[in-house]
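Reader: I'm just starting out with protein structures and I'd love a close look at one part of this one. Could you take me through the sheet at the start of the chain, and then on to whatever it leads to?

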Amino acid sequence: MWKPKQLSPTNAVHEKYEDHPRADWTNLKTFNWHLISEKQKAIQALNAGQLDMGDKTINQAKQNGKVDVFNRFPTSSIVKLSMNWNNKHLARRPVRRAIAYLLDHDELVQVIKSTQGLNYKPRDTVTGMSTKATNQWAGEGFRKKLIGYGRNSEPQKAKKVLKDAGYSKNGKYWADSSGDEVKGLTYLTPPWNIYETIGNYVSPKLKEFGFGNKLIIPSSSGFWKRWTDTHDFDMVNWFSDTSHPANAYSTLSVAGIGKFDEVVDAKEPTKSCKVDRRMPDLTQNRSKKLNQPIRPKYPTKVGQMGNGGAKQTLYPVKWGNIMSQTQSTKEVKKFTRKLMWYTNWQVPHIGFYDETRAYWGNEDKFDFPTGKVDDHPHAKETKNEHYTNSMEFLMKGHINAKTK
(Lines give C-alpha, C1' and ligand atoms only; values in the text may rest on other atoms or scores of the structure.)
Protein backbone atom coordinates (compact mmCIF):
# COMPACT_ATOMS: atom_id res chain seq x y z
CA MET A 1 0.00 0.00 0.00
CA TRP A 2 2.98 2.30 0.57
CA LYS A 3 5.99 3.44 -1.45
CA PRO A 4 9.11 5.20 -0.14
CA LYS A 5 8.93 8.86 -1.13
CA GLN A 6 11.91 10.39 0.64
CA LEU A 7 14.81 8.53 2.20
CA SER A 8 17.49 9.87 4.53
CA PRO A 9 19.76 8.37 7.20
CA THR A 10 17.26 9.41 9.88
CA ASN A 11 13.82 9.20 8.26
CA ALA A 12 11.88 7.33 5.58
CA VAL A 13 8.72 9.04 4.31
CA HIS A 14 6.16 6.66 2.78
CA GLU A 15 3.30 7.74 0.50
CA LYS A 16 0.11 5.75 -0.10
CA TYR A 17 -0.78 4.17 -3.45
CA GLU A 18 -4.25 5.66 -3.91
CA ASP A 19 -5.29 2.87 -6.31
CA HIS A 20 -4.51 0.13 -3.79
CA PRO A 21 -7.55 -2.08 -2.95
CA ARG A 22 -7.33 -0.99 0.70
CA ALA A 23 -6.51 2.65 0.07
CA ASP A 24 -9.85 3.83 1.45
CA TRP A 25 -9.42 1.81 4.66
CA THR A 26 -7.14 4.49 6.07
CA ASN A 27 -7.17 8.26 5.77
CA LEU A 28 -3.39 8.43 6.20
CA LYS A 29 -1.65 9.86 3.14
CA THR A 30 1.88 9.38 4.42
CA PHE A 31 3.74 7.95 7.36
CA ASN A 32 7.22 8.71 8.64
CA TRP A 33 9.47 5.89 9.78
CA HIS A 34 12.08 7.35 12.10
CA LEU A 35 15.38 5.51 11.88
CA ILE A 36 17.02 5.83 15.28
CA SER A 37 20.75 5.12 15.32
CA GLU A 38 22.24 2.72 17.81
CA LYS A 39 23.81 5.64 19.70
CA GLN A 40 20.43 7.25 20.31
CA LYS A 41 17.77 6.09 22.74
CA ALA A 42 14.24 5.33 21.62
CA ILE A 43 13.08 6.42 25.07
CA GLN A 44 14.50 9.90 24.47
CA ALA A 45 12.58 10.15 21.20
CA LEU A 46 9.42 8.96 22.95
CA ASN A 47 9.75 11.50 25.75
CA ALA A 48 10.45 14.26 23.22
CA GLY A 49 7.11 13.54 21.51
CA GLN A 50 8.74 12.33 18.28
CA LEU A 51 6.98 8.95 18.26
CA ASP A 52 3.28 8.27 17.72
CA MET A 53 3.43 4.46 17.91
CA GLY A 54 5.77 1.76 19.16
CA ASP A 55 6.19 -1.37 21.21
CA LYS A 56 8.34 -2.60 24.12
CA THR A 57 9.47 0.08 26.67
CA ILE A 58 5.93 -0.21 28.09
CA ASN A 59 6.85 1.24 31.49
CA GLN A 60 8.22 4.39 29.84
CA ALA A 61 5.14 4.66 27.63
CA LYS A 62 2.84 4.45 30.67
CA GLN A 63 4.83 7.17 32.41
CA ASN A 64 4.99 9.37 29.32
CA GLY A 65 1.53 10.90 29.45
CA LYS A 66 1.39 11.38 25.67
CA VAL A 67 0.78 7.78 24.64
CA ASP A 68 -1.29 4.84 25.91
CA VAL A 69 -1.15 1.06 25.48
CA PHE A 70 -3.79 0.25 22.86
CA ASN A 71 -3.27 -3.46 22.19
CA ARG A 72 -1.88 -6.35 24.22
CA PHE A 73 -2.11 -10.05 23.32
CA PRO A 74 -0.21 -13.34 23.66
CA THR A 75 1.61 -14.71 20.62
CA SER A 76 2.74 -18.15 19.56
CA SER A 77 6.41 -17.17 19.86
CA ILE A 78 8.83 -18.26 22.56
CA VAL A 79 12.08 -16.50 23.42
CA LYS A 80 14.82 -19.01 24.10
CA LEU A 81 18.47 -19.81 24.68
CA SER A 82 20.00 -21.82 21.83
CA MET A 83 23.28 -23.67 22.26
CA ASN A 84 26.18 -24.37 19.88
CA TRP A 85 27.37 -27.96 20.00
CA ASN A 86 30.81 -27.00 18.71
CA ASN A 87 31.52 -26.31 22.37
CA LYS A 88 32.51 -29.67 23.89
CA HIS A 89 30.56 -29.09 27.10
CA LEU A 90 27.36 -27.82 25.51
CA ALA A 91 27.51 -30.77 23.12
CA ARG A 92 26.80 -32.98 26.13
CA ARG A 93 23.14 -33.43 27.01
CA PRO A 94 23.69 -33.42 30.82
CA VAL A 95 25.20 -29.91 30.61
CA ARG A 96 22.25 -28.62 28.60
CA ARG A 97 19.85 -30.29 31.01
CA ALA A 98 21.66 -28.75 33.97
CA ILE A 99 21.05 -25.28 32.48
CA ALA A 100 17.37 -26.17 31.97
CA TYR A 101 17.05 -27.17 35.63
CA LEU A 102 18.97 -24.12 36.81
CA LEU A 103 16.92 -21.37 35.13
CA ASP A 104 14.09 -19.79 37.12
CA HIS A 105 11.39 -18.79 34.66
CA ASP A 106 9.12 -17.13 37.23
CA GLU A 107 11.95 -14.92 38.40
CA LEU A 108 12.99 -13.99 34.85
CA VAL A 109 9.50 -12.85 33.82
CA GLN A 110 9.26 -10.75 36.98
CA VAL A 111 12.55 -9.07 36.10
CA ILE A 112 11.26 -8.31 32.60
CA LYS A 113 7.96 -7.01 33.98
CA SER A 114 9.76 -4.64 36.36
CA THR A 115 12.08 -3.30 33.67
CA GLN A 116 9.93 -3.46 30.52
CA GLY A 117 6.34 -3.50 31.80
CA LEU A 118 5.54 -6.67 29.84
CA ASN A 119 3.73 -9.51 31.59
CA TYR A 120 5.03 -12.71 30.01
CA LYS A 121 3.93 -16.27 30.76
CA PRO A 122 6.68 -18.45 32.30
CA ARG A 123 7.35 -21.94 30.93
CA ASP A 124 7.16 -25.26 32.77
CA THR A 125 9.52 -27.35 30.66
CA VAL A 126 11.33 -27.68 27.33
CA THR A 127 8.98 -28.39 24.39
CA GLY A 128 10.06 -26.10 21.52
CA MET A 129 6.55 -24.64 21.29
CA SER A 130 4.44 -22.14 23.19
CA THR A 131 2.13 -23.56 25.85
CA LYS A 132 -0.93 -22.81 23.72
CA ALA A 133 0.58 -24.44 20.63
CA THR A 134 1.78 -27.41 22.70
CA ASN A 135 -1.73 -28.13 23.94
CA GLN A 136 -3.20 -27.56 20.47
CA TRP A 137 -0.91 -29.96 18.61
CA ALA A 138 0.23 -32.44 21.25
CA GLY A 139 -2.37 -32.20 24.00
CA GLU A 140 -2.01 -31.59 27.71
CA GLY A 141 -1.90 -35.31 28.43
CA PHE A 142 1.17 -35.73 26.21
CA ARG A 143 2.85 -32.67 27.71
CA LYS A 144 2.51 -34.16 31.20
CA LYS A 145 4.50 -37.23 30.11
CA LEU A 146 7.51 -35.10 29.15
CA ILE A 147 10.57 -34.54 31.34
CA GLY A 148 9.74 -31.66 33.66
CA TYR A 149 12.63 -29.23 34.10
CA GLY A 150 10.53 -26.94 36.27
CA ARG A 151 9.45 -23.30 36.25
CA ASN A 152 11.60 -22.53 39.28
CA SER A 153 15.32 -23.08 39.70
CA GLU A 154 16.27 -26.57 40.82
CA PRO A 155 20.05 -26.39 41.41
CA GLN A 156 20.18 -29.77 43.18
CA LYS A 157 18.82 -31.53 40.10
CA ALA A 158 21.26 -29.54 37.95
CA LYS A 159 24.14 -30.73 40.13
CA LYS A 160 22.94 -34.33 40.04
CA VAL A 161 22.80 -34.61 36.24
CA LEU A 162 26.32 -33.16 36.06
CA LYS A 163 27.73 -35.49 38.70
CA ASP A 164 26.07 -38.47 37.03
CA ALA A 165 27.88 -37.45 33.83
CA GLY A 166 31.27 -37.37 35.57
CA TYR A 167 31.46 -33.64 36.29
CA SER A 168 32.71 -32.26 39.58
CA LYS A 169 33.21 -28.84 41.14
CA ASN A 170 36.15 -28.35 43.46
CA GLY A 171 36.72 -24.67 42.80
CA LYS A 172 34.98 -21.93 40.87
CA TYR A 173 33.91 -23.95 37.83
CA TRP A 174 32.43 -27.33 37.01
CA ALA A 175 34.91 -29.64 35.23
CA ASP A 176 34.54 -32.90 33.31
CA SER A 177 36.38 -36.12 34.17
CA SER A 178 39.48 -34.93 32.28
CA GLY A 179 39.64 -31.75 34.37
CA ASP A 180 38.48 -29.44 31.55
CA GLU A 181 36.49 -26.61 33.16
CA VAL A 182 33.24 -25.12 31.88
CA LYS A 183 34.38 -21.54 31.37
CA GLY A 184 34.92 -19.01 28.62
CA LEU A 185 31.46 -19.57 27.13
CA THR A 186 30.45 -16.77 24.74
CA TYR A 187 26.87 -15.70 25.45
CA LEU A 188 25.53 -13.63 22.53
CA THR A 189 22.44 -11.45 22.64
CA PRO A 190 21.08 -8.83 20.22
CA PRO A 191 21.29 -5.20 21.40
CA TRP A 192 17.58 -4.89 22.17
CA ASN A 193 16.24 -3.94 25.58
CA ILE A 194 14.43 -7.15 26.52
CA TYR A 195 17.17 -9.42 25.18
CA GLU A 196 19.79 -7.42 27.06
CA THR A 197 17.67 -7.80 30.20
CA ILE A 198 17.56 -11.57 29.69
CA GLY A 199 21.32 -11.76 29.15
CA ASN A 200 22.07 -9.60 32.19
CA TYR A 201 19.88 -11.90 34.29
CA VAL A 202 20.95 -15.33 32.96
CA SER A 203 24.69 -14.73 32.56
CA PRO A 204 25.36 -14.07 36.29
CA LYS A 205 23.17 -17.04 37.25
CA LEU A 206 25.31 -19.34 35.11
CA LYS A 207 28.52 -17.85 36.54
CA GLU A 208 27.30 -18.26 40.11
CA PHE A 209 26.48 -21.90 39.45
CA GLY A 210 29.91 -22.59 37.95
CA PHE A 211 29.50 -22.12 34.19
CA GLY A 212 31.94 -19.33 33.31
CA ASN A 213 30.67 -17.13 30.50
CA LYS A 214 30.99 -13.69 28.96
CA LEU A 215 27.92 -11.78 27.83
CA ILE A 216 28.46 -10.20 24.41
CA ILE A 217 26.11 -7.46 23.19
CA PRO A 218 27.41 -6.33 19.77
CA SER A 219 25.95 -3.74 17.40
CA SER A 220 22.95 -4.84 15.34
CA SER A 221 25.12 -5.51 12.30
CA GLY A 222 27.64 -7.34 14.46
CA PHE A 223 24.92 -9.52 15.94
CA TRP A 224 23.43 -10.44 12.60
CA LYS A 225 26.81 -11.46 11.21
CA ARG A 226 27.46 -13.78 14.14
CA TRP A 227 23.88 -15.06 14.25
CA THR A 228 23.43 -15.89 10.55
CA ASP A 229 26.95 -16.10 9.11
CA THR A 230 29.83 -17.05 11.38
CA HIS A 231 27.84 -18.63 14.27
CA ASP A 232 30.59 -17.31 16.54
CA PHE A 233 28.81 -17.98 19.84
CA ASP A 234 28.30 -20.77 22.35
CA MET A 235 24.86 -19.59 23.51
CA VAL A 236 22.49 -17.06 21.97
CA ASN A 237 19.18 -15.39 22.86
CA TRP A 238 16.61 -15.48 20.06
CA PHE A 239 12.96 -16.29 19.43
CA SER A 240 11.04 -18.99 17.60
CA ASP A 241 7.69 -18.70 15.84
CA THR A 242 5.60 -21.68 16.94
CA SER A 243 2.32 -20.80 15.21
CA HIS A 244 2.68 -24.11 13.34
CA PRO A 245 4.85 -27.13 14.21
CA ALA A 246 6.68 -26.84 10.88
CA ASN A 247 7.83 -23.37 12.04
CA ALA A 248 8.64 -24.41 15.59
CA TYR A 249 10.79 -27.34 14.47
CA SER A 250 12.23 -25.67 11.38
CA THR A 251 15.47 -27.13 10.03
CA LEU A 252 16.52 -23.83 8.46
CA SER A 253 18.04 -21.93 11.38
CA VAL A 254 18.96 -21.84 15.04
CA ALA A 255 15.49 -20.36 15.59
CA GLY A 256 14.04 -23.84 14.98
CA ILE A 257 15.24 -27.27 16.04
CA GLY A 258 18.59 -26.74 14.31
CA LYS A 259 20.25 -25.84 11.01
CA PHE A 260 20.10 -29.09 9.07
CA ASP A 261 19.19 -28.17 5.48
CA GLU A 262 22.76 -26.98 4.83
CA VAL A 263 23.95 -30.61 4.75
CA VAL A 264 20.97 -32.05 2.84
CA ASP A 265 21.00 -32.71 -0.90
CA ALA A 266 17.56 -31.62 -2.03
CA LYS A 267 15.94 -33.89 -4.59
CA GLU A 268 14.22 -32.54 -7.67
CA PRO A 269 10.64 -31.49 -6.88
CA THR A 270 8.01 -34.03 -7.75
CA LYS A 271 5.58 -33.09 -10.53
CA SER A 272 2.58 -34.40 -8.66
CA CYS A 273 0.67 -32.53 -5.97
CA LYS A 274 1.24 -35.31 -3.45
CA VAL A 275 3.07 -34.69 -0.18
CA ASP A 276 6.81 -35.23 -0.65
CA ARG A 277 7.67 -38.11 1.68
CA ARG A 278 11.07 -38.96 0.22
CA MET A 279 14.11 -39.31 2.45
CA PRO A 280 16.67 -36.59 1.62
CA ASP A 281 20.31 -37.52 1.08
CA LEU A 282 22.93 -36.23 3.53
CA THR A 283 26.35 -34.84 2.62
CA GLN A 284 27.48 -35.37 6.22
CA ASN A 285 26.02 -36.70 9.47
CA ARG A 286 26.27 -33.47 11.48
CA SER A 287 25.26 -29.90 10.75
CA LYS A 288 28.07 -27.63 9.55
CA LYS A 289 27.46 -24.67 11.83
CA LEU A 290 26.10 -26.11 15.10
CA ASN A 291 27.60 -29.63 14.91
CA GLN A 292 24.27 -31.28 15.74
CA PRO A 293 23.61 -34.90 14.69
CA ILE A 294 21.14 -35.04 11.79
CA ARG A 295 19.69 -38.51 12.38
CA PRO A 296 20.25 -39.34 16.03
CA LYS A 297 18.48 -42.14 17.83
CA TYR A 298 16.44 -41.31 20.91
CA PRO A 299 14.17 -43.24 23.28
CA THR A 300 10.78 -44.35 22.03
CA LYS A 301 9.29 -44.06 25.51
CA VAL A 302 8.22 -40.47 26.21
CA GLY A 303 9.57 -39.06 29.47
CA GLN A 304 12.56 -41.40 29.74
CA MET A 305 15.69 -39.65 31.04
CA GLY A 306 18.37 -42.14 29.97
CA ASN A 307 19.55 -43.80 26.75
CA GLY A 308 18.29 -47.35 27.38
CA GLY A 309 15.34 -49.20 25.93
CA ALA A 310 13.79 -49.07 22.48
CA LYS A 311 15.01 -46.34 20.13
CA GLN A 312 13.61 -44.33 17.22
CA THR A 313 15.47 -42.27 14.64
CA LEU A 314 14.98 -38.55 14.13
CA TYR A 315 14.24 -37.49 10.52
CA PRO A 316 13.80 -33.72 10.99
CA VAL A 317 13.98 -32.62 7.33
CA LYS A 318 11.62 -35.31 6.05
CA TRP A 319 9.14 -34.79 8.89
CA GLY A 320 9.32 -31.01 8.49
CA ASN A 321 8.55 -31.28 4.77
CA ILE A 322 5.55 -33.49 5.47
CA MET A 323 4.18 -31.20 8.20
CA SER A 324 4.45 -28.13 5.96
CA GLN A 325 2.66 -29.86 3.05
CA THR A 326 0.06 -32.28 4.42
CA GLN A 327 -3.59 -31.42 4.91
CA SER A 328 -3.91 -34.06 7.63
CA THR A 329 -4.18 -32.65 11.16
CA LYS A 330 -3.73 -36.16 12.53
CA GLU A 331 -0.43 -36.56 10.71
CA VAL A 332 0.88 -33.17 11.83
CA LYS A 333 0.09 -34.09 15.42
CA LYS A 334 1.95 -37.40 15.05
CA PHE A 335 5.18 -35.76 13.91
CA THR A 336 4.75 -32.88 16.36
CA ARG A 337 4.81 -35.35 19.24
CA LYS A 338 7.96 -37.01 17.86
CA LEU A 339 9.77 -33.69 17.45
CA MET A 340 8.52 -32.31 20.75
CA TRP A 341 9.69 -35.39 22.64
CA TYR A 342 13.10 -35.22 20.91
CA THR A 343 13.43 -31.53 21.87
CA ASN A 344 12.41 -32.29 25.44
CA TRP A 345 14.90 -35.17 25.72
CA GLN A 346 17.79 -33.60 23.81
CA VAL A 347 17.40 -29.93 24.95
CA PRO A 348 18.95 -28.19 21.91
CA HIS A 349 17.47 -24.96 23.32
CA ILE A 350 15.58 -23.74 26.39
CA GLY A 351 12.47 -21.58 26.08
CA PHE A 352 12.33 -18.69 28.57
CA TYR A 353 8.68 -17.59 28.27
CA ASP A 354 5.65 -17.36 26.01
CA GLU A 355 5.80 -13.97 24.35
CA THR A 356 3.21 -11.22 24.74
CA ARG A 357 2.93 -8.29 22.35
CA ALA A 358 2.03 -4.85 23.64
CA TYR A 359 1.74 -1.67 21.57
CA TRP A 360 1.40 1.96 22.60
CA GLY A 361 0.40 5.01 20.62
CA ASN A 362 -0.96 8.55 20.67
CA GLU A 363 -4.69 7.89 20.92
CA ASP A 364 -5.51 11.60 20.91
CA LYS A 365 -4.34 11.75 17.31
CA PHE A 366 -4.92 8.24 15.94
CA ASP A 367 -7.26 5.25 16.01
CA PHE A 368 -5.29 2.01 16.41
CA PRO A 369 -6.38 -1.63 16.03
CA THR A 370 -7.46 -3.29 19.26
CA GLY A 371 -9.14 -6.58 20.09
CA LYS A 372 -12.36 -5.19 18.61
CA VAL A 373 -13.53 -5.11 15.00
CA ASP A 374 -12.51 -2.14 12.84
CA ASP A 375 -15.01 0.14 11.13
CA HIS A 376 -14.18 -0.68 7.52
CA PRO A 377 -15.10 -3.26 4.82
CA HIS A 378 -14.30 -6.89 5.70
CA ALA A 379 -13.70 -5.87 9.31
CA LYS A 380 -14.63 -9.23 10.83
CA GLU A 381 -12.58 -11.19 8.32
CA THR A 382 -9.46 -9.09 8.95
CA LYS A 383 -9.68 -8.89 12.73
CA ASN A 384 -6.89 -11.49 12.95
CA GLU A 385 -4.59 -8.83 11.45
CA HIS A 386 -4.81 -6.99 14.78
CA TYR A 387 -2.63 -9.71 16.32
CA THR A 388 0.61 -9.11 14.48
CA ASN A 389 3.53 -6.66 14.51
CA SER A 390 3.01 -2.90 14.56
CA MET A 391 4.32 -2.31 11.04
CA GLU A 392 1.59 -4.61 9.71
CA PHE A 393 -1.01 -2.28 11.22
CA LEU A 394 0.23 0.42 8.89
CA MET A 395 0.87 -1.80 5.89
CA LYS A 396 -2.68 -3.25 5.96
CA GLY A 397 -4.62 -0.05 6.59
CA HIS A 398 -5.64 -0.48 10.23
CA ILE A 399 -4.57 2.98 11.48
CA ASN A 400 -6.52 6.18 10.97
CA ALA A 401 -5.83 9.76 11.99
CA LYS A 402 -8.38 11.63 14.11
CA THR A 403 -6.92 14.98 13.02
CA LYS A 404 -5.43 16.30 9.81
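Author: Here is a walk through that sheet, followed by the pocket and a few residues elsewhere in the chain. Keep in mind that this is a predicted model.

Let's begin with the sheet itself. It is an open sheet of 3 strands in the order 1-2-3, and the pairing is antiparallel. Strand 1 and strand 3, residues 30-34, are the edge strands, each pairing on one side only. On average, neighbouring strands here are turned by 30° against each other, if you ignore direction. As a bit of background, strands of a sheet pair through backbone hydrogen bonds, in either a parallel or an antiparallel way.

Now zoom in on the first two strands. Strand 1 covers residues 2-7 and strand 2 covers residues 11-16, and their antiparallel pairing runs over 5 bridges. To get from strand 1 to strand 2, the chain goes through a hairpin of 3 residues. You can find the pairing yourself by picking out partners: W2 sits opposite K16 of strand 2, while L7 has A12 in strand 2 as its bridge partner.

What about strand 3? This is where the sheet meets the largest pocket, because strand 3 supplies the largest share of that pocket's lining, 5 residues. The pocket's volume is about 1800 Å³. In total 43 residues line it, and those nearest its centre are W33, I36, A42, G54 and D55. Several elements give two or more residues to the lining, among them strand 3, helix 1 (42-47), strand 4 (53-55) and helix 8 (193-209). Strand 9 (235-241), strand 16 (349-361) and helix 13 (390-395) are on that list as well.

Strand 16 and helix 13 also help you place two residues worth clicking on. V347 is in the loop between helix 12 (329-346) and strand 16. Its phi is positive, about 55°, although V347 is not a glycine. V347 has 0% relative accessibility, so it counts as buried. H378, in the loop between strand 17 (366-367) and helix 13, also isn't a glycine and has a positive phi of about 60°. But is H378 buried or exposed? With 53% relative accessibility, H378 counts as exposed.

Next, have a look at strand 5, where you'll find T75. T75 counts as buried because its relative accessibility is 18%, and the cut-off for buried is under 20%. Its side chain reaches the backbone nitrogen of S77 at 3.1 Å. If you skip residues up to four places away in sequence, T75 touches E355 and R357.

Last stop: K88, in the loop between strand 5 (68-83) and helix 3 (93-102). K88 has 40% relative accessibility, so it counts as partly exposed. Leaving out neighbours within four places in sequence, K88 is in contact with D176, S178 and D180. With D180 there is a polar contact of 3.3 Å between the two side chains. And here's a nice one to try with the distance tool: K88 and D234 are 146 residues apart in sequence, yet their C-alpha atoms are 10.0 Å apart in space.

Note on methods: Residues numbered from 1 in each chain as written. Predicted model: local features only at pLDDT ≥ 70, side-chain atom pairs only at ≥ 80, totals over all residues. Heavy atoms only, no water. Pairing = 2+ DSSP bridges. Helix = DSSP H or I, 4+ residues; strand = E, 2+ residues; numbered from the N terminus. Buried < 20%, exposed > 50% of the residue type's maximum accessible area, 1.4 Å probe, protein only. Contact = heavy atoms within 4.5 Å. Polar contact = N/O pair within 3.5 Å; in protein donor to acceptor, adjacent residues only side chain to side chain. Axes fitted to C-alpha atoms, helices over the stretch in contact; angles between N-to-C directions. 1 Å grid on protein atoms, 1.4 Å probe; cavity = no way out; pocket = protein on both sides within 12 Å on 5 of 7 lines; lining within 4 Å. Points joined across faces, edges and corners; volume = space filled by probe spheres on them.
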